[in-house]
Number of protein chains: 2
Amino acid sequence: MSSDDQIDLVFKALAAPIRRDLMDALKDNPQTTGELCARFDTLNRCTVMQHISVLEDAGLVIARKQGRQRWNCLNALPIKQIHDRWIGAYASGAVDLLARMESDMATVPADA
Amino acid sequence: MSSDDQIDLVFKALAAPIRRDLMDALKDNPQTTGELCARFDTLNRCTVMQHISVLEDAGLVIARKQGRQRWNCLNALPIKQIHDRWIGAYASGAVDLLARMESDMATVPADA
């Protein structure tokens, strides 16, 4: 799959509100598939699993099996890549500032 | 239009490689529609204008008329919102670090 095809998958995955809601649910903590199904109980289990699978194909969710449970984790890397592609230039200003502050700190005597 | 509908437009707009390429072209400088058409000369003018229009509807491009020219500018705000929605928590760690460094700098005597 080309890089463009992979990026297409990311945007297509995020173009549905339910999949963005699933991403929100995973933002703070990984969740088991059972927990996600209980949280989105207006949908049947099969539908929730299909949406998780679309997010997984796009690389936005990483799944790990632990015993009989399947833990789903948010992978923020594709989101970071979107950010860096179009606002990397702005962000680099902040990184420059941080680098200058670090270098200023390094010149301060340890006993100051 | 609901907020979810508006966000759908952003992701649908970005789900096509040609529209991502148009965003890349606008990243550093605004461009006139004529300049964009010249840059993407494998497509006819009408197709390029349709893609710009999809980006504009999604709020990713802002157009300004100046005389007979139409300047297209990248609007990074929807991209920032995507970032903040799913990696705001991670980023806040960096902001905390910056705040701590600033406060450390403030306690260093001016003649150190």
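**Helix packing, a cross-chain ring pair and a buried Asn**

Helices H2 (residues 17-26) and H4 (residues 45-57) of chain A pack with their axes 10 Å apart, at an angle of about 80°. This is a predicted model: local features need pLDDT of at least 70, side-chain atom pairs count only at pLDDT 80 or more, and totals for chains, interfaces and linings use all residues. Residues are numbered from 1 along each chain as its sequence is written, chains are lettered from A and ligands numbered from 1 in the order written, and side-chain values use heavy atoms, without hydrogens and water.

Reader: Is H2(A) roughly parallel or roughly perpendicular to H4(A)?

Author: The axes, lines fitted to C-alpha atoms over the stretch in contact, give an angle on a scale from 0 to 180 degrees between N-to-C directions. Under 35 degrees counts as roughly parallel, over 145 as roughly antiparallel, 65 to 115 as roughly perpendicular and the rest as oblique. The angle is about 80°, so H2(A) is roughly perpendicular to H4(A).

Reader: Which residues of H4(A) make the contact?

Author: Contact means heavy atoms within 4.5 Å. H2(A) supplies A:Ile18, A:Arg19, A:Leu22 and A:Met23. From H4(A) come A:Val48, A:His51, A:Ile52, A:Val54 and A:Leu55.

Reader: Which two residues form the aromatic pair, and why does the pair join two chains?

Author: The whole structure holds one aromatic pair over all chains (Phe, Tyr or six-membered Trp ring centres within 6.5 Å; planes under 30 degrees apart stacked, over 60 edge-to-face, the rest tilted). This pair is tilted, at 6.3 Å centre to centre and 35° between the planes. One ring lies in helix H1 (residues 3-14) of chain A and the other in helix H1 (residues 3-14) of chain B, so the pair joins two chains: the residues are A:Phe11 and B:Phe11.

Reader: Is A:Asn72 buried or exposed?

Author: A:Asn72 lies in strand E3 (residues 69-74) of chain A. Buried means under 20% relative accessible area, exposed over 50%, partly exposed in between (1.4 Å probe, protein chains only). With 0% relative accessibility, A:Asn72 is therefore buried.

Reader: Which side chain is joined to that of A:Asn72 by a polar contact?

Author: A polar contact is a pair of N or O atoms within 3.5 Å; within protein, one must be able to donate a hydrogen and the other to accept it, and sequence-adjacent residues count only if both atoms are side-chain atoms. Here the contact spans 2.6 Å, and the partner is A:Arg70.

Reader: What pattern does chain A follow along the sequence?

Author: Helices (H or I, at least four residues) and strands (E, at least two) are DSSP runs, numbered from the N terminus. Chain A has five helices and three strands. Their order is α-α-β-α-α-β-β-α.
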